[in-house]
Amino acid sequence: MDAALQPNLTAAPPPPGGPEVSVVVPVFNEAGAAPELAREIAAAFHGRDIEILFVDDSSRDNTRAQLAALQPDLPALRILAHAANAGQSRAVRTGVLAARSDIIVTLDGDGQNDPADAPRLVEALRAGPPDLALVGGERVRRQDSAAKKIASRIGNSIRRRLLRDTANDTGCGLKAFRREAFLRLPYFDHIHRYLPALMQREGYSTLFLPVGHRPRTSGASKYTNLGRLWASASDLAGVMWLQSRARNPGPVTEI
């Protein structure tokens, strides 16, 4: 079994000489979108040393087979497979643990994030100050239903007011962040929606840049407004508790 799939895999540093960027894409029943998305990612980073990790969260369609068929033409493509469906956050974490770069890019597997925006987020992360750990995308001209956009706007407003994370759009799957910073965070289901607040809790800074958004052309959303609202209530309370229990030591020196 691949070490990346072992449940007790430790958060070891990436090996020296790894790729410049590791792109992590969680997918579940995305056979219609995943192959073209993999090609677009490779094109967006053409000429750069990257790896592309698709994490199949126990899809019931032929997502995995469709991706495997691309590997002869896309040598940077790696496919990790969950034995049981564990959700988007766990799939992201699986990919980050297996990544061989210290810079991670994540995208949603439905193709709505435009991979062409990803290199710009990576460059902003590299050019930022040492404490900058995450550059998040902020979707402009969202290609979602009116109901979904309204629910997202309300949810973002409540979260931003309670967590003071300065993020207008934590639901955007397109992010660039430092692997080490991510692995310092306390893990829980749905953590992917709270990365800015949790990064800031650890003393890191975050930045947000406008990115494009595309309509879904295949498959179906894995979330409903009601389901997201139900999960968000307990998640928000939990993150607020984590913030209240944080004690940052500031810079650490060895004497």
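**Exercise 1. Work out where the partners of the Arg-48 and Glu-123 salt bridge sit and whether they are exposed.**

Start with the pair itself: a salt bridge joins the side chains of Arg-48 and Glu-123, at 2.6 Å from N to O. (A salt bridge here is a side-chain nitrogen of Lys or Arg within 4 Å of a carboxyl oxygen of Asp or Glu.) Before going on, note that this is a predicted model, where local features need pLDDT of at least 70 and side-chain atom pairs count only at pLDDT 80 or more, while totals for chains, interfaces and linings use all residues. Residues are numbered from 1 along each chain as its sequence is written, and side-chain values use heavy atoms, with hydrogens and water left out.

Next, place the partners. Arg-48 lies in the loop between helix 1 and strand 2, Glu-123 lies in helix 4, and the two are 75 residues apart, so the pair links distant parts of the chain. (Helices are DSSP runs of H or I with at least four residues, strands are E runs of at least two, and both are numbered from the N terminus.)

Now check accessibility. Arg-48 is partly exposed at 25% relative accessibility, and Glu-123 is partly exposed too, at 38%. (Buried means under 20% relative accessible area, exposed over 50%, partly exposed in between, with a 1.4 Å probe and protein chains only.)

Finally, look for shared partners: Glu-20, Arg-48, Glu-123 and Arg-126 form one network of salt bridges.

**Exercise 2. For Glu-51 and Arg-100, decide which partner is buried.**

First, the bridge: their side chains meet at 3.1 Å, N to O. Glu-51 sits in strand 2 and Arg-100 in the loop between helix 3 (88-98) and strand 4, 49 residues apart. Then the areas: Glu-51 has 2%, which means buried, whereas Arg-100 is partly exposed at 38%. The buried partner is Glu-51.

**Exercise 3. Find the residues with the most contacts in the largest nonpolar core, then follow Ile-41.**

Step one: this core has 31 residues, and Val-23, Val-25, Ile-41, Phe-54, Val-105 and Leu-174 touch the most other members. (A nonpolar core is a set of buried Ala, Val, Leu, Ile, Met, Phe, Trp, Tyr and Cys residues joined through side-chain atoms within 4.5 Å.)

Step two: among the elements supplying at least two residues each are strand 1 (21-27), helix 1 (34-44) and strand 7 (205-211). Helix 4 gives the most, five residues.

Step three: skipping neighbours within four places in sequence, Ile-41 is in contact (heavy atoms within 4.5 Å) with Val-23, Val-25, Ile-50, Ile-52, Phe-54, Leu-107 and Pro-115.
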